[in-house]
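Hi everyone, thanks for coming. Let me put the structure up on the screen, and then I'll walk you through a few spots in it.

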Amino acid sequence: MGCCSSAAQSSKREWKPLEDHSCTDVPWLLLFILFCIGMGFICGFTIATGAAARLLSGYDSYGNICGQKNVKVEGIVNSGLDLTQKKYVFFLDPCNIDLVHQKIKSLALCVSACPRKELKTLADVQKFAETNGSTLCSYELLPSEYTTDPRAAKLCPKYPVPESAPIPFFHRCAPVNISCYAKFAEALITFVSDSSVLHRLISGVMTSKEIILGLCLLSLVLSMILMVIIRYISRVLVWILTVLVILGSLGGTGVLWWLYAKERMSASTVETQIAKENLQALLIYAISATVFTVILLLIMLIMRKRVALTIALFHVAGKVFIHLPLLVFQPFWTFFVLILFWTYWTTVLLFLGTTGNPVPNEEGFVEFRVAGPLKYMWWYHLVGLIWISEFILACQQMTVAGAVVTYYFTREKRNLPFTPILASVNRLVCYHLGTVAKGSFIITLVKIPRMILMYIHTQLKGKENACARCMLKACICCLWCLEKCLTYLNQNAYTATAINSTNFCTSAKDAFVILVENALRVAAINTVGDFMLFLGKVLIVCSTGLAGIMLLNYQRDYTTWVLPLIIVCLFAFLVAHCFLSIYEMVVDVLFLCFAIDTKYNDGSPGREFYMDKVLMITSLSYS
């Protein structure tokens, strides 16, 4: 599948940008399609076995689906009832929640209506049944027996019965007062020990929803503006960073030597063991700081031309967004597709929770369980969540790479396709879906073990010894680092595929060779560039937060606006991260194109550079 290509052939092959397009990693595309068919089978199986009806309409403890006629379950009394008129699930004790098994430990019944006011006694329950025709006690009790039959203590709801309302689309009666679940939310109760605090927070969100929406739009606009102007301020940001690093290192070293000299003068008058140890420690710190400062200054001297290249790449990236404005909307489309998939995945997951055959449990009620190999559908579904999510993100990376490659290797920008983004999407769908599937599968292979180890670490928290805990954290950290490295390599492999239309393994090897040959440049871009983008995110969050404080300060309709401000700042950071991640992606693609351009072209006739004039001036100035 592409991993066994000859290294000799690969080294002889030259890069031919945009000259040829061919299908890559077709077997992996077929494998991904088969996997998606398996995901569809799980969805179809859950619907065919009645899980969808049980989830949406709800079912009682005897296996009856509310709002329809039911089939008798062998060995279960009160099953097979006609509950056409009883469309809502009512729990006799809705606050009795089993956190371990994640379910309500209460008898569930189908009722005609939820109690819209609190019922304090069985007499109130009886009156509610006679007035509304909704019986809240078990089916074998008549309303007239609620106050006289001794079985009512077990077969009727625990009183006082809280006011409840049906959950939209799911036909469950849920208590209106969320304090019913207070004892299962200790962290929340610790924070809001006074319920009035929670009410004020919610009130703050509800009464300032227009301001929250406006501030979210402001963060969106600021992110778009920053993506355009960052090429003009990148040089200033780099100089600010350089000056701060130099002043910080020199200042810290100077302070340590000053403290050492002061301590030495005082130690000459009072010679104690503690004074000698402090003097020796200060000398070690001062020497270490001096060595670090010298090394840092030498590195900055050596890296100065690579930093200039980073500035030039940011400048050209700004031009890319001017010529390819649809790049700005890539986060929207990716986020929209991810939301659609996650909604589908969550729906099927809920279906899986109610699928299977009815089986009596030890309490005499019905549970739905899946037997045989089908019980492992959960794991398949979980792998599908990771692989398909990574596939969608990889499609975005390939789309951006294809569009930027088209921009870079088109000498006359007026000859660019009308919509390079759509042209890139077309090439992706026609030729490179297999490559994307393979790259995303590799990330999935690393992500799943890390998630399993994180789950084990969470389950064993407080039980394992210090050595086991350290080993688990070390393994999780190593897998996280490996995942980040593979993600970066994958992104460059997609760029190589977009340029040469080669399969994933060949592209990854070629991209890796290019990156190793330009290791210092890569280090400069990933340090200076990432810091600049981080400053951009901080700028957007701080600007949005400041605007939020100024606007919310003039509101008098509520007492607390901490939560609205937190919501706005979190949204601003998310938006800034999404947009500036696209910017970072464009810079990385431009760098790989630049490295390939400088390796295979020298500016002579027939081997002219493709690069922008800014990059050419920077390259020639420091060559």
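Of the 623 residues in the protein chain, 43% are buried. Please keep in mind that this is a predicted model. The chain exposes about 33,400 Å², and 68% of that comes from carbon and sulfur atoms. In terms of secondary structure, we have 18 helices and 8 strands. If you take the contacts between residues at least 6 apart in sequence, 72% of them join residues at least 24 apart.

Now let's look at a pair of helices. Two packed helices are described by the angle between their axes and the distance between the axes. So, at what angle do H14 and H15 pack? For helix H14, residues 466-500, and helix H15, residues 504-517, the angle is about 110°, and the axes are 8 Å apart. Angles of 65 to 115 degrees count as roughly perpendicular, so that is how H14 and H15 lie relative to each other. On the H14 side, the contact is made by Tyr488, Leu489, Asn490, Asn492, Ala493, Tyr494, Ala496 and Thr497. H15 brings Phe504, Ser507, Ala508, Ala511, Phe512 and Leu515 to it. Sorted by class, this contact has 10 nonpolar residues, 4 polar ones and no charged ones.

Next, please find helix H4, residues 122-132. Which of its residues are buried? They are Leu122, Val125, Gln126, Phe128 and Ala129. These cover an arc of only 160° around the axis, so they sit on the same side of H4. Helix H5, residues 152-155, is part of what covers them. Turn to the other side of H4, and you meet Lys127, Glu130 and Thr131, which are exposed. Right after the helix comes Gly133, with a positive phi near 70°.

Glycine isn't the end of the positive phi story, though: Asp25 has a phi near 50°, positive in a residue other than glycine. Asp25 is located in the loop between helix H1, residues 7-12, and helix H2, residues 26-48. Is Asp25 buried or exposed? Buried means under 20% relative accessible area, and Asp25 has 7%, so it counts as buried.

My last stop is Asn78, another residue other than glycine with a positive phi, here near 65°. You'll find Asn78 in the loop between helix H3, residues 51-57, and strand S1, residues 88-91. With a relative accessible area of 18%, Asn78 is buried too.

That's my tour, and I'm happy to go back to any of these spots.

Note on methods
Residues numbered from 1 in each chain as written. Predicted model: local features only at pLDDT ≥ 70, side-chain atom pairs only at ≥ 80, totals over all residues. Heavy atoms only, no water. Helix = DSSP H or I, 4+ residues; strand = E, 2+ residues; numbered from the N terminus. Buried < 20%, exposed > 50% of the residue type's maximum accessible area, 1.4 Å probe, protein only. Contact = heavy atoms within 4.5 Å. Areas by Shrake-Rupley, 256 points an atom, 1.4 Å probe, with all protein chains shown as cover. Axes fitted to C-alpha atoms, helices over the stretch in contact; angles between N-to-C directions. Parallel < 35°, antiparallel > 145°, perpendicular 65-115°, else oblique. Nonpolar A, V, L, I, M, F, W, Y, C, P; charged D, E, K, R; others polar. Arc of directions from axis to C-beta.
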